[in-house]
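Grab your favourite viewer and work through a few short exercises. Try each task yourself before reading its solution.

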Amino acid sequence: MSKAEQQWRGDISRRQALAGLGTFLAASPLLHAQRDPWPLGSHRRFMSFDEIRDVFDFEPLFRANVPLAIYDYTAHGTESEFTLYRNRDAFDWVQLIGGGGVDPNTVDTSTELFGRPMPSPIMLAPTSRQRDLHPDGELAMHRAATTTSTTMIVSNASSFPFTRIAEAAEGPLWYQLYARSDIEANRQPLAEGQEVGAQTIMVTIDQQASYYERDLHVRHTGGSVRRVARRTPNNPPNPYRVGAGRLWYEWELFDKLRPMIEVPMLAKGILTGEGAKLCLDHGVEGIVVSNHGGRAIDYGPSTLEVLEEVVTAVDGRVPVLIDSGFRRGADVLKALALGADAVCLGRASRWGLGAFGEPGAQKVIEIVNAELKQAMASVGVSSLAEIDRSIVKTNFP
Ligand SMILES: Cc1cc2nc3c(=O)[nH]c(=O)nc-3n(C[C@H](O)[C@H](O)[C@H](O)COP(=O)(O)O)c2cc1C
């Protein structure tokens, strides 16, 4: 091949270059992070705080504020992210039916959990390392929760210690635990949490073998997001980096933790009726239907699809909470109609915090609450007691 031909073969045309750039962008994980309208896609500038209308508006602002590795850590799901998408798809399979005729200003969303009144069934799910999103991290999230009288569940893997978060504001706090296999090692964090006012302890039992491909990709490009498999006797090294750190869980865990817990104990990460019944057999007093926002096992069902099965199995004996994929007030209403007692917001609260700090987190909570009231008015119910199965029609595949 002559030199000229070599150069001709090696050169790319402007069209090819643009096509290559387009392909790169289309394949970018950023663009399929959430299967929902991407509001800023058609805008030339970012929205201001006052222009924000719904929770999705926060995501691109959050993304713009943080390094890619931090954004990915919040956005990603396990492996192919099937369950991450399915969590959102599931809301399309539930229709809301109703007659209206209720003024949203008269709608009352108040409820009660474990004997404590709450102005709304919307809560904040435990999510780790919030200081990555904003310097005030969980302190700001707690203040936002307090301002809106919302219960915040603090992650065991928070950036600030639980005691410090508890000091930041006055609102109700729950404590989430990733139990350690050395059962005695759980005693101190549990005692500390309860001493400074944790109203319940939520023990997370999913995410037993999660594997975030986006993290691996970030590592390949020089970033460093999180350690994957730690070498401990219970966590043998795994060449495919599927962290086995939590694979030791058994139902007896709840029996072992029970003597250390004086407040209600909940299990987070339940997806079957049978699992819920086993929890109750082992002293659990509240169930959280969760797939960790698509971050536990991939190709599992969305939480909305399995909610009724769990509610039926529990049969009113303990409260049933749900999370994974909730972004709108109408999403919350659908879960309440299928039997949930409360709904927790995970990524939505992180987007708000990451976009604008405390005011952002507060606004997220206010928006979803306002949407819930509007959705309730639209289907013609004015209190949570009036919500029942008749306001939804499900069409799960
Ligand atoms: C970035 C991130 C960190 C999380 N950290 C924790 C955690 O420390 N403990 C826990 O029990 N769940 C954790 N979760 C799961 C949430 O509690 C919740 O189940 C999930 O976010 C719900 O899905 P959603 O984000 O689609 O709302 C985390 C979720 C995300 C997105």
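The exercises below go from confidence and overall make-up to strands, core, ligand shell and a few loop residues, all in a predicted model.

**Exercise 1. Find out how far the pLDDT values back up the chain, and which elements have the lowest and the highest mean.**

Solution. Start with the whole chain: the mean pLDDT is 87, and 79% of the residues score at least 70. Next, go element by element. Helix 1 (residues 3-10) sits at the bottom with a mean of 60, while strand 10 (residues 320-322) tops the list at 99. Finally, look for a weak stretch: residues 222-232 stay under 50 throughout. The model still gives that stretch 22 contacts beyond four places in sequence.

**Exercise 2. Describe the general make-up of the protein chain.**

Solution. Count the elements to get 15 helices and 12 strands. Then check burial: of the 397 residues, 46% are buried. Last, take the contacts between residues at least 6 apart in sequence; 69% of these link residues at least 24 apart.

**Exercise 3. Work out how strand 8 pairs with strand 7 and with strand 9, parallel or antiparallel.**

Solution. Take strand 7 (residues 201-204) to begin with: it runs parallel to strand 8, with 4 bridges between them. In this pairing, Val-203 faces Ala-267 of strand 8. Now turn to strand 9, which also pairs with strand 8 in the parallel sense, again over 4 bridges. Here Leu-266 has Gly-286 of strand 9 as its bridge partner. As for cover, 6 of the 6 residues of strand 8 (residues 265-270) are buried.

**Exercise 4. Identify the residues with the most contacts inside the largest nonpolar core, then follow up Val-203.**

Solution. The core in question has 90 residues, and Val-203, Ile-287 and Val-310 have the most contacts inside it. By element, helix 15 (residues 358-379) gives the largest share, 9 residues. For Val-203, skip anything up to four places away in sequence; the residues it touches then include Leu-177, Ala-179, Phe-254 and Leu-257. Met-265, Leu-266, Ala-267 and Lys-268 are also among the residues touched by Val-203.

**Exercise 5. List the closest residues around the ligand and sort the shell by residue type.**

Solution. The shell has 25 residues, and the closest are Ser-155, Thr-204, Gly-293, Gly-346 and Arg-347. Sorted by type, the shell holds 14 polar, 7 nonpolar and 4 charged residues. Then ask which helices contribute: helix 4 (68-75) and helix 14 (347-356) each supply at least two shell residues.

**Exercise 6. Decide whether Glu-285, Phe-114 and His-292 are buried or partly exposed, and say why.**

Solution. Glu-285 belongs to the loop between helix 11 (273-281) and strand 9 (286-289). Glu-285 counts as buried because 20 other C-beta atoms lie within 10 Å, and the cut-off for buried is 20 or more. Beyond four places in sequence, Glu-285 contacts Pro-264, Met-265, Leu-266 and Val-318.

Phe-114 is in the loop between strand 2 (111-113) and strand 3 (116-118). With 15 other C-beta atoms within 10 Å, Phe-114 is partly exposed. Its phi is positive, about 50°, although Phe-114 isn't a glycine.

His-292 lies in the loop between strand 9 and helix 12 (303-314). His-292 is buried because 24 other C-beta atoms lie within 10 Å. The phi of His-292 is also positive, near 65°.

Terms used
Residues numbered from 1 in each chain as written. Predicted model: local features only at pLDDT ≥ 70, side-chain atom pairs only at ≥ 80, totals over all residues. Buried ≥ 20, exposed ≤ 12 C-beta atoms within 10 Å, placed from the backbone. Contact = placed C-beta atoms within 7 Å. Near = placed C-beta within 6 Å. Nonpolar A, V, L, I, M, F, W, Y, C, P; charged D, E, K, R; others polar. Core = buried A, V, L, I, M, F, W, Y, C linked by C-beta atoms within 7 Å. pLDDT = per-residue confidence, 0-100. Pairing = 2+ DSSP bridges.
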